[in-house]
Amino acid sequence: MTRTLRRTRGVRHALTGALLVGLTLLTTAGPALADDPSASASPAGDEAGPTEAGTTFRTATALKQGRTGTARASAGDYLYWVFPADAGQRPTVEATVRLPESAARRGTSTWQVDVYDGLRRRQACMYGHQTRKAAADAATVELSCVLRPVRSWSEPWANDPLPGSYYVRLTVVDLPASDLGLPVGVEVRTSVEELGGGHDGGGTLSEPLVPGVSVASAGETGDARASGAPRAVATGEPEDGWSSGWWTDRWLWTVGGGVLAALAAVFGYSLTRGRGRPAHLPPGL
């Protein structure tokens, strides 16, 4: 009887310790990823952003995540920037247009910011102020667009955001003819929010939707790969490269859930198996 009690206590102590380890793994998985500097939504640094903007998709100015791009333009111009977004991220674009003095303007104006993916498909905004009207005496107009989470893969017929380059286009869509050509100042900022494995789709693209990435990959010779020479980087690719696609914080939840399930099975068995053969029964019965 004493030996059985000691065995039961030992099993209970072991189960308690294992349960604590499993719970610690589950509860600290999220904060650990959030504290990782590489997973921050806006990279830190004092590097200045670009001071000009492109006028077409092909001449779009590259803009890093968390950086602010500025430009001087004329009302009626189409301004383009391009930035990268990877799987598991939710991009946000914010734009501020500084209008000329009200004395030089003749009426109201309507400004709009649009976001296109690497296939130049227009992406819908989840929320934000994508289009705004500026009064005749307004000094600035602020626009914003929060995209849907970027998926690691999608069906060919779907219009889901996929890893790759994202183009920002800013322009005025309604303006009195007499106000065309007036000077304006523009600031555009891009940022991303890391969403984790909850938005993983279980697949990956063969190549991200970045113009020139297939050409850059095809241009690498076998000797260059073997020698470890720097790989040609397509425009708009993140400095640390694209995600490999196989690692996700879902692995932590899967392992933690498996550990807890195994411990629950062992604990249930220890409760239902009984204490063995009663000591008062004679042998053979």
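Select Leu-180 and show the residues around it. Apart from neighbours within four places in sequence, Leu-180 is in contact with Ala-75, Gly-76 and Leu-175, where contact means heavy atoms within 4.5 Å. Leu-180 sits in the loop between E9 and E10; helices (H or I, at least four residues) and strands (E, at least two) are DSSP runs, numbered from the N terminus. With a relative accessible area of 51%, Leu-180 is exposed. The cut-offs are under 20% relative accessible area for buried, over 50% for exposed, and partly exposed in between, with a 1.4 Å probe and protein chains only. Now add Gly-76: its C-alpha atom and that of Leu-180 are separated by 5.8 Å, although the two residues are 104 residues apart along the chain.

The model is predicted: local features need pLDDT of at least 70, side-chain atom pairs count only at pLDDT 80 or more, and totals for chains, interfaces and linings use all residues. Residues are numbered from 1 along each chain as its sequence is written, and side-chain values use heavy atoms, with hydrogens and water left out.

**The open sheet**

Next, select strand E2, residues 68-74. Which of its side chains are buried? Gly-69, Ala-71 and Ala-73 point to one face and are buried. Thr-68, Thr-70, Arg-72 and Ser-74 point to the other face and are not buried. In a regular strand the side chains alternate between the two faces of the sheet.

Add E10, which pairs with E2 in the antiparallel sense over seven bridges; two strands pair if DSSP finds at least two bridges between them. To find one position in this pairing, pick Arg-72, which stands opposite Gly-185 in E10.

Widen the selection to the open sheet of five strands, in the order E2-E10-E4-E8-E6, with antiparallel pairing. Its edge strands are E2 and strand E6 (125-127), each of which pairs on one side only. Neighbouring strands of this sheet are turned by 30° against each other on average, direction ignored. For such angles, axes are lines fitted to C-alpha atoms (for helices over the stretch in contact), and angles run from 0 to 180 degrees between N-to-C directions.

Inside the sheet, E4 and E8 run antiparallel and are joined by seven bridges. Select Arg-98 here: its bridge partner in E8 is Thr-140.

**Salt bridges**

Keep Arg-98 selected and add Glu-187. Their side chains meet in a salt bridge, 3.0 Å from N to O. The term means a side-chain nitrogen of Lys or Arg within 4 Å of a carboxyl oxygen of Asp or Glu. Arg-98 lies in strand E4 (residues 89-98) and Glu-187 in strand E10 (residues 183-194), so the salt bridge ties together parts that are 89 residues apart in sequence. Arg-98 is partly exposed at 40% relative accessibility, and Glu-187 is partly exposed at 30%.

How many salt bridges are there? The count comes to seven. Side chains of opposite charge can pair when their charged atoms come close.

Move on to Arg-169 and Asp-114, whose side chains form a salt bridge of 3.4 Å, N to O. Arg-169 is in strand E9 (residues 164-174) and Asp-114 in strand E5 (residues 109-116), 55 residues apart. Are these two residues buried or exposed? Arg-169 is buried, and so is Asp-114.

Then select Asp-160 and Arg-148, a salt bridge with its closest N and O atoms 3.6 Å apart. Both residues lie in the loop between E8 and E9, twelve residues apart. Asp-160 is buried at 18% relative accessible area, whereas Arg-148 is partly exposed at 26%. Go back to Asp-114 and Arg-169 and add Arg-122: salt bridges that share partners join these three into one network.

**Aromatic rings**

The structure holds four aromatic pairs. Rings of Phe, Tyr and Trp (its six-membered ring) pair if their centres lie within 6.5 Å; planes under 30 degrees apart count as stacked, over 60 as edge-to-face and the rest as tilted. Select Phe-57 and Tyr-167: the ring centres are 5.3 Å apart and the planes at 80°, so the pair is edge-to-face. Phe-57 lies in the loop between helix H1 (2-35) and strand E1 (61-62), and Tyr-167 in strand E9, so the pair ties together parts 110 residues apart in sequence. Phe-57 is buried at 17% relative accessibility, and Tyr-167 is buried at 7%. Add Tyr-80 and Tyr-116 to see the cluster that ring pairs form with Phe-57 and Tyr-167.

**Last stop**

Select Arg-120, in the loop between E5 and E6. Arg-120 is not a glycine, yet it has a positive phi of about 60°. At 45% relative accessibility, Arg-120 is partly exposed.
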